[in-house]
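Reader: I should like to go through this model by way of its contacts and its open space. Please answer each question with the reasoning set out.

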Amino acid sequence: MHDFAATVVAWYHANRRDLPWRRDGFTPWGTLVSEFMLQQTPVSRVIPRLEEWLTRWPTPADLAAVPPGEAVRAWKSLGYPRRALWLHSAAVAITERHGGVVPEDVDALLALPGIGDYTARAVAVFAYGNRHPVVDTNIRRVIARAVDGQAEPGPPSRRDLTAMEALLPEDRPASAAFNAGMMELGAIVCVARTPRCDECPLAAQCAWRRAGYPPYEGPRKATQKRYEGSDRQVRGRILAELRAAHVPVTDAELEGVWPDAAQRDRALAGLLADGLAVAAEGGYTLP
DNA sequence: GAAACGTGGCA
DNA sequence: TTGCCAAGTTT
């Protein structure tokens, strides 16, 4: 029963993928950047952007020294570009308030823009080896199945942190490996659509398997809105235009990116409100 | 707690 | 083709 964690840790050490943020000598700043990029974005899309980013800005001070628009431009099409803005702001705060060193204290990390419960603990654990429960979508799914016997986790809750804490080994290095191992298990074995239960190290202890794989009964996730034709798509189109241009983009040019004027105006207003675009002489630019 | 917030790949 | 999913955070 309590070899649950030991099983995950042993499996992790034997099966972990070779990813950039697991290389020897990877810096806390690199971990922070990777965690920002990995928020809601698949590993395969993150890796090339991460390598470019760390080559160009190897420290927080390097990023803090350029305008935020440069971060938005380098973000390219990773999605959710406010993350680039938040990462830039975080770099400024780290440079000004933390002497250029990524903090390892969870509360200090939580105080930075764009960092929530997941990212703060991920940095504290993966960059510094501290002992905290890390909870992401993978871990929520593994716990739901292996521990709770449910096909899917319920809605996210602060109680998820408590559940993970209860499973966490006391030993610091083991607790870090357990966090990483649970995420890895959810990412490559206990996946959302077609779990590979025949390859799972927890199969013998899995409550969901023991119960006969009952289907999920709880509240349904809200269905994701269609992207084609959405305000999000229009924002993306306008921002792509601003990223590509190095002089202000005019209203006339923006008319070409989306025909519906009302929707275009709404999207532009949103970008301006978010600080992803600024009014300039004759048009709009990145900040 | 719900809704908003990008983009791309896969079944 | 459509729907689901992807290392979440903010308001």
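**Pocket lining and DNA contacts**

Author: The lining of the second largest pocket divides by class into six nonpolar, two polar and five charged residues. The model is a predicted one.

Reader: Which elements give two or more residues to the lining of the second largest pocket?

Author: The second largest pocket has a volume of about 220 Å³. Its lining has 13 residues, and Arg140, Asp148, Pro153, Gly154 and Asp160 lie nearest the centre. The elements that give two or more residues to this lining are α9 and α10 (159–167).

Reader: Which helix supplies the largest share of the surface near DNA strand B?

Author: There are 16 residues around DNA strand B, and those that come nearest are Arg45, Pro81, Tyr227, Arg232 and Arg235. By class, this surface comprises four nonpolar, six polar and six charged residues. The largest share, three residues, comes from residues 231–244, that is, helix α13.

Reader: How far does a polar side-chain atom of Arg45 lie from a base oxygen of DNA strand B?

Author: Among the atoms of DNA strand B within 4 Å of the protein, 55% belong to sugar or phosphate and the rest to bases. On the phosphate side, an N or O atom in the side chain of Lys225 is 2.9 Å from a phosphate oxygen of the strand. On the base side, a polar backbone atom of Gln40 is 3.3 Å from a base nitrogen of DNA strand B. For the polar side-chain atom of Arg45 and a base oxygen of DNA strand B, the distance is 2.7 Å.

Reader: Which helices each supply at least two residues of the surface near DNA strand C?

Author: Around DNA strand C there are 26 residues, with Trp21, Leu38, Gly114, Gly116 and Arg193 coming nearest. The surface near this strand has 10 nonpolar, eight polar and eight charged residues. At least two residues each are supplied by α2 (28–38), α8 (117–126) and α9 (137–147).

Reader: What is the distance between a base nitrogen of DNA strand C and an N or O atom in the side chain of Trp21?

Author: Sugar or phosphate accounts for 61% of the atoms of DNA strand C within 4 Å of the protein, and bases for the rest. Phosphate oxygens of DNA strand C lie 2.8 Å from a backbone N or O atom of Gly114 and 2.8 Å from a polar side-chain atom of Thr119. At a base nitrogen of the strand, the distance to the side-chain N or O atom of Trp21 is 2.4 Å.

Methods: Residues numbered from 1 in each chain as written. Chains lettered and ligands numbered in written order. Predicted model: local features only at pLDDT ≥ 70, side-chain atom pairs only at ≥ 80, totals over all residues. Heavy atoms only, no water. Near = heavy atom within 4 Å. Polar contact = N/O pair within 3.5 Å; in protein donor to acceptor, adjacent residues only side chain to side chain. Helix = DSSP H or I, 4+ residues; strand = E, 2+ residues; numbered from the N terminus. Nonpolar A, V, L, I, M, F, W, Y, C, P; charged D, E, K, R; others polar. 1 Å grid on protein atoms, 1.4 Å probe; cavity = no way out; pocket = protein on both sides within 12 Å on 5 of 7 lines; lining within 4 Å. Points joined across faces, edges and corners; volume = space filled by probe spheres on them.
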